[in-house]
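Work through the exercises below with the sequence and the model open. Try each task before reading its solution.

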Amino acid sequence: MRRIAAAVVAVLLLALAACTQADVKPEDAYRIGCPAVDGAVASGSVAKKATVAGLKKLSTSGQLDPEPQQWVDATISLLSSTNPEDISADARKLIIDGCAKNGYPLNNLK
């Protein structure tokens, strides 16, 4: 199961990396990022590191609108944290609400 989750995250990250080179639409951050975040939270540190790397590329691309930029930055903070429970309630809500608003309810982040 972990291998499947890691493979899914890897495929999503390749798609995410491709978006950093093409025109990135705001919904791309959520379309690619939410499933990657859900998979990373469920599968462990390797997937988290890969997801953070992809999200950092997207964050620095300069192609995101302010709302998805905030979501990406909050998600990077969550996944980079040594203790995800320490992330602010506002940041956690931003991540969960951003995914839900864009049709990707998170299963593994509460």
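Buried means under 20% relative accessible area, exposed over 50%, and partly exposed in between, with a 1.4 Å probe and protein chains only. The model is predicted: local features need pLDDT of at least 70, side-chain atom pairs count only at pLDDT 80 or more, and totals for chains, interfaces and linings use all residues. Residues are numbered from 1 along each chain as its sequence is written, and side-chain values use heavy atoms, with hydrogens and water left out.

**Exercise 1. Place C34 and list what it touches.**

Step 1. C34 sits in helix α2. Helices are DSSP runs of H or I with at least four residues, strands are runs of E with at least two, and both are numbered from the N terminus.

Step 2. C34 has 1% relative accessibility, so it counts as buried.

Step 3. Contact means heavy atoms within 4.5 Å. Neighbours within four places in sequence are set aside; C34 then contacts A29, W71, C99, Y104 and L106.

Step 4. Take C99 from that list. The C-alpha atoms of C34 and C99 are 5.8 Å apart, with their positions 65 residues apart along the chain.

**Exercise 2. Describe the aromatic pair of Y30 and W71.**

Step 1. Rings of Phe, Tyr and Trp (its six-membered ring) pair if their centres lie within 6.5 Å; planes under 30 degrees apart are stacked, over 60 edge-to-face, and the rest tilted. This rule gives one aromatic pair.

Step 2. For Y30 and W71, the centres are 5.1 Å apart and the planes differ by 55 degrees, a tilted pair.

Step 3. Y30 belongs to helix α2 (residues 26–43) and W71 to helix α4, so the pair ties together parts 41 residues apart in sequence.

Step 4. Y30 and W71 are both buried.

**Exercise 3. How do the axes of α3 and α4 cross?**

Step 1. Axes are lines fitted to C-alpha atoms, for helices over the stretch in contact; angles run from 0 to 180 degrees between N-to-C directions. The axes of α3 (residues 45–59) and α4 (residues 66–80) come within 9 Å and cross at roughly 150 degrees.

Step 2. Angles under 35 degrees count as roughly parallel, over 145 as roughly antiparallel, 65 to 115 as roughly perpendicular, and the rest as oblique. Helices α3 and α4 are therefore roughly antiparallel.

Step 3. Look at the residues that meet: among them are V52 and L55 in α3, and V72 and I76 in α4.

**Exercise 4. Count the helices and strands in the chain.**

The protein chain has five helices and zero strands. Its pattern along the sequence is α-α-α-α-α.
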